[in-house]
Structures are given as C-alpha cells and as structure tokens.
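Dear colleague,

Please find below the structure that I am handing over to you. My notes on it follow directly after.

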There are 2 protein chains.
Amino acid sequence: MSTTPTPLTNGEKASRREQILAAAAELFARHGFHGVGIDDIGAAVGISGPALYRHFRSKDAMLGEMLGSISRFLLDGGTARAAEAEAPETTLGELVRFHVDFALSHPSLITVQERNLANLTDTDRRQVRALQRRYVEVWVGAISAAVPGVGEAEARSAAHAVFGLINSTPYNRYLGEGDLADLLSRLALGALRAAG
Amino acid sequence: MSTTPTPLTNGEKASRREQILAAAAELFARHGFHGVGIDDIGAAVGISGPALYRHFRSKDAMLGEMLGSISRFLLDGGTARAAEAEAPETTLGELVRFHVDFALSHPSLITVQERNLANLTDTDRRQVRALQRRYVEVWVGAISAAVPGVGEAEARSAAHAVFGLINSTPYNRYLGEGDLADLLSRLALGALRAAG
DNA sequence: AAATAAGGTTAGCGATCGCTAACTTTGCCG
DNA sequence: CGGCAAAGTTAGCGATCGCTAACCTTATTT
C-alpha cells in the first residue's frame, strides 16, 4: 500500500511541486545554483519562468526545500537503521548500503546537497546544517561502536571522508548500477576498517 | 635554489596574477563561480573590479587558468610518482600521499576543481578534461598493478571514489593537519585494498 | 449557468552582472 | 628631467537576473 518514501515525494500526491524540484535539482547539479535562471527551471517543466511563483515563494525557497527534505530523509533513514541495531558491524554495513542506494538513485540531489549548501538562506542553512550534524552523529556512533581504537575526532573525519567517497561517484557509469553499488559499499567498509 | 613548485606559482615570480588567482579560488570555492562578482575578486586583493582586466582577459579566463594549472600539477606529480615505481604497492601509497598533501594544502583549489568544471569555456573544459583523464589513467594503472582481481572499469570507479574521499575533507579540521593526512591516507589505501 | 480558485501567460521593474572606455597615477629608464 | 608603459581609477554600456503586476484560461463547485 504505502509507497517507499523518497525525498521530495512525501506520501501525498507528488504533482507539480515535486516535478519542479526534480528539474531544478538536475539543473542546479549541472550548472550551480547561480548558474540557473528561473526561466531555465520553468522551461524544464514546460512552463514559463514566472509561473513557478504559483508553487514556490522564491528561488531560494526551492533550494531550501530541496536540501531540507534530503537532509531529513537521510537523517530519518540513518536513525532507523541505527535503531534496529543488531551487531555494530551490521549497523555500519546498513548505513553504508542506505547511503549508497540513495546516492545512486538520486545523483543530482546528492550533488546539490554537497555543492550548494553555501547558497542557502541563513535560516535554511542553519536548519539543514543541524540535520546534517545529527546524521553525522549517527555515523560517528556506529563507527565508534564497530571499529576498535578510533577516537571521536577520527570517527567524524572518517564519516565525512566516506560521504565523499560515496557521493562523488553518482555520475560514474563505468559499471552497472548494481555492480557500482556493491563496489562502493566494499570500498566504504574497507576504508572504515582501516580507520582503527 | 629552486622553490618547490606549487600550482599557480610556476617558477617565475608570482606577484599579482597568482595573488588574484588565489583570492578568486577562495571565493569560487565558497560561493560558486557565478556567485562571485568581478568586484568581489578585486576587493579581495585590494583593487577595483575592472583593474583585474589588466591581468586577465575575462572572468572565464581566470577559472580556465586556475583549473588548467591544477590539472597539470596533479598530472605531472602523479606521472612522476608512477615513473619512479619500485613496487606496485609503494607506487599506490605515493600517489595517495601526493594527492592527500595537495588536497590539504590547497583546499580551495581542490574544491573549485571538483565543483566548477561545468562553468568552464568549452575549449578550456576540453583541455582540463583531457588532463584529468590522463591523471585518472595513472591511478588506474597503479591500482590494476597493485590490487589483484580488479578489472579496468572497477579500477576507474575506485579511483574516482578515492578522489572523492580525499577531496571532500579539505575543510574538515577536527584533527591536526598531520593526523588528518595520515588518516586519509589509511582510509584511501584501506578502500583500495577492498576493491579486489 | 455563475462563481471561484488554481495555474498559466506576457510585459516590464529595479538591481546586478561582466566588461569597455577614458582618464590618472606610479615607477623605471635613457 | 622627460617619456613611457604598467597598473590603477570612475563612469557607464548592454544584457541578464529575480520577481511583481495585470490579465487570461481552465476546471470544479454550487
């Protein structure tokens, strides 16, 4: 019955807003936030630029909603995986797999989140940052529990490094998606194992 | 006598051009290429915006020269390390160390290269892309030689992933620079070991 | 059928952008 | 000292930007 929740399609019917956000994400990822005009986004969904203001208060608001829902999705997914914790090592494996799957199925969203944080409104950026920090904490906890002999600062740096590893390949298509997901998961876990 | 060559300071006396490029890199990294105005760059080096045109033909040319010299520096350094090859494993270790050192000592340059490739002129982008491809090839060769049982496509994907791992932490300062360099090197090699 | 609200259009505003023009200052060299 | 080239200044151009205003079309509701 319930569809698997993906960011930006939150249960209620997706419709126009989601379509616009998806197109905007694609464009932001490719050209950068300031490199994309309101008319470009409109054209990408077949309407005129100003028509977008029937759905969003501003261009800033589009980016804000985009990054907000991504951060919320990651935090929710991460916390859920960490809560179901059986053994520490399997938790880490699940976190890796979760993040890899997200990065591969939403490459433009991952790219935008990585590159365009600085373009957010002060208010939006504070909120997104807070969510991201909590997501990192989930990872830090899992790393500390699973990898012996790694301090908190090291765990935090390692988490960021692994995000970079996973996030930087969304447009790499030398391998099929399945094989790439497997490879990235192995690389990430191999890196974390070496952190101790 | 000879100073260690760093990108953008190529032997001949650095002076104004280099100073401008360094300031521009910092700004591009923080706000994105289109988020930085010519006046901002000028102000960052204490002159007016239009004065920059005594040193560069255009804003595009600044980004082009910036990314060009970064790519050239990485390719040169990488090829040199690979040429001195003793054992395959030590080659890979040297490549990792080289890239880590560069990323940590020039965080803004690494950030700009990662995020702003799409903002280059067609001509510039082609040239930079060509250099980057050759740099990746150096890594693919080293990975294939050092890690048993990894095909070319996997090696290429792994190389990109390791770049992401190393490049995504330049502003992480939970650890001292020395400790962070050690950690990143271990993580990178751990990841590559798991690629096989 | 009339009323209403949602979602679209074009025209155009003020601000900002990259860049050029015209002029001034600075420092070196014969 | 006079001359000149390099490096800076301000004024302002054409283009583009985010966004608003005013209007139109369509579908739903009563």
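Which polar side-chain atom lies 2.5 Å from a phosphate oxygen of DNA strand C? That atom belongs to Tyr53(B). The pair is a polar contact, that is, a pair of N or O atoms within 3.5 Å; within protein, one must be able to donate a hydrogen and the other to accept it, and residues adjacent in sequence count only if both atoms are side-chain atoms.

This is a predicted model, in which local features need pLDDT of at least 70 and side-chain atom pairs count only at pLDDT 80 or more, while totals for chains, interfaces and linings use all residues. Residues are numbered from 1 along each chain as its sequence is written, chains are lettered from A and ligands numbered from 1 in the order in which they are written, and side-chain values use heavy atoms, with hydrogens and water left out.

DNA strand C

Around DNA strand C there are 15 residues (a residue is near a strand if one of its heavy atoms lies within 4 Å of it), and those that come nearest are Arg16(A), Ser48(A), Arg54(A), Tyr53(B) and Lys59(B). Of the atoms of this strand that come within 4 Å of the protein, 58% belong to sugar and phosphate. Ser48(A) places a backbone N or O atom 2.7 Å from a phosphate oxygen of DNA strand C. A base is also contacted: an N or O atom in the side chain of Arg54(B) is 3.4 Å from a base nitrogen of DNA strand C.

DNA strand D

DNA strand D likewise has 15 residues around it, of which Tyr53(A), Lys59(A), Arg16(B), Ser48(B) and Arg54(B) come nearest. Here sugar and phosphate make up 55% of the strand atoms within 4 Å of the protein. Phosphate oxygens of DNA strand D lie 2.4 Å from a polar side-chain atom of Arg16(B), 2.6 Å from a polar backbone atom of Ser48(B) and 2.9 Å from a backbone N or O atom of Ile38(A).

Annotated region

For chain A, an unreviewed UniProt entry lists residues 37–56 as "DNA-binding region"; positions are given in the numbering used here, feature names are shortened, and annotations may be inferred rather than shown by experiment. The end C-alpha atoms of this span lie 14 Å apart, and the span is 35% helix and 0% strand. Helices (H or I, at least four residues) and strands (E, at least two) are DSSP runs, numbered from the N terminus.

Yours sincerely
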